[in-house]
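Got your viewer open? Here is a short tour, one selection at a time.

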Amino acid sequence: MQKYEVYLYGMTLVTTMYLLKGDFPEADDYCEIRESHVLPGGETGSCSIVLASLGCSVKVDGNYQGRKTMELLQKHLVGRFEVDMTRVFEDLTFDGVEDMVIIGGHTRNCFGTFNAYFSAPVRRWSTPVREDIANAEVVGLDPFFMEQSELTARICHELNKKYVTIDCRPETVMHRYCEVNVVSSEFLRSTYPDQNADDVFKTYTDSTEGLVIFTFGSREIMYGRKNEPIRRITPYKVEVESTLGAGDSFKAGAIYGVFKKMSDEDIVKFAAATAATVCSRFPLALNPPTLESITELINHV
């Protein structure tokens, strides 16, 4: 069995994206479209592109692909970035998972059918294969696939494989065993709408030996570990082209940092610079960040 540096278990889909000339319009208003593309997306799809661009060998698994998604994903992920999709199952009984994103100014609005996908009577995602995890140096884990995502975390723990996850509640197995949990402001707003961020952060760090990172877009990032004071860092400033893929790229940067055995501070800095670099270009799949561009941003601050 071939070994590779990163194994990603999570969501890979096809995104139809529209970059507007200005801000997102008010209701019943009009706005010009500057660019449009149909490209790979999803937390794992975008993450795989960034990691491949940074020179990592990557294998992905997770949701099934369908009639409308498999060919395009293979063209870009396999054909251009040499991502290993051999474990990804093609289910010709459905179209595949797609979404539409409209980007205007510093915001992006996502439209999809994810509730229908996850509540369907047929579950269209794979069970992680233990051998795949064993053959990776580090793992990236999306929490969306219920007991299969939890199983991935348990296998990683049993095999002593470090993994980075996103938006997991502090009481979950995925959070407990993680090396890094990156929690977004969007998740915090919806899950803890009336709680102080510092208090929530302590609940998170008390529940794992791993590194906890709270992101807030262009505002200060919080990070730290159990029994340590909260540390903060200001995100890197760039001229924003598009915020689409920023969170996925932050996760990719954290995975790369764990793979390279960086310190906590350097992991956060590298992840923040990766996300910022992605925000300065569009679209991600055609203009992924390079190690040189990320390093240059870090060194010029």
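In which hand does H9 pass H10: left-handed or right-handed? Select both helices and look down through them: H9 passes H10 in a right-handed crossing. Keep in mind throughout that this is a predicted model.

**Stop 1: the H9–H10 pair**

Helix H9 covers residues 246–259 and helix H10 covers residues 264–279. Their axes cross at roughly 145° and come within 7 Å. Now show side chains. On the H9 side, the residues that meet H10 include Phe 250, Gly 253, Ala 254 and Gly 257. Facing them from H10 is a set including Ile 267, Phe 270, Ala 271, Thr 274 and Val 278. Colour this contact by class and you get 13 nonpolar residues, four polar ones and no charged ones.

**Stop 2: Leu 284**

Carry on along the chain into the loop between H10 and helix H11 (291–299), and pick Leu 284 there. Is Leu 284 buried or exposed? With a relative accessible area of 11%, Leu 284 is buried. Now display what surrounds this side chain. Setting aside neighbours within four places in sequence, Leu 284 is in contact with Ser 46, Ile 49, Val 50, Ser 249, Val 278 and Pro 289. Two of those should ring a bell: Ser 249 in H9 and Val 278 in H10 were both part of the helix contact at the previous stop. Next, draw a C-alpha to C-alpha distance from Leu 284 to Ser 46: 7.6 Å in space, for residues 238 apart in sequence.

**Stop 3: the four-stranded sheet**

Time for some strands. Select S3, S2, S5 and S6, which in that order form an open sheet with mixed pairing. At the edges you'll find S3 (33–41) and S6 (107–112), each pairing on one side only. Going from one strand to the next, the twist averages 20°.

Zoom in on S2 (residues 13–20) and S5 (residues 98–104): these run parallel and are joined by six bridges. Which residue in S5 stands opposite Tyr 18? Click across and you land on Ile 102.

Before leaving, add helix H2 (residues 70–78), which lies across S2 and S3 and runs at about 90° to S3.

**Stop 4: Thr 205**

Last selection: Thr 205, in helix H8 (residues 197–205). Its relative accessible area is 4%, so Thr 205 counts as buried. What does Thr 205 touch, not counting residues up to four places away in sequence? Show the neighbours and you'll find Val 212, Gly 224, Arg 225 and Lys 226.

Definitions and conventions. Residues numbered from 1 in each chain as written. Predicted model: local features only at pLDDT ≥ 70, side-chain atom pairs only at ≥ 80, totals over all residues. Heavy atoms only, no water. Helix = DSSP H or I, 4+ residues; strand = E, 2+ residues; numbered from the N terminus. Buried < 20%, exposed > 50% of the residue type's maximum accessible area, 1.4 Å probe, protein only. Contact = heavy atoms within 4.5 Å. Axes fitted to C-alpha atoms, helices over the stretch in contact; angles between N-to-C directions. Left-handed = near helix turned anticlockwise from the far one by under 90°. Nonpolar A, V, L, I, M, F, W, Y, C, P; charged D, E, K, R; others polar. Pairing = 2+ DSSP bridges.
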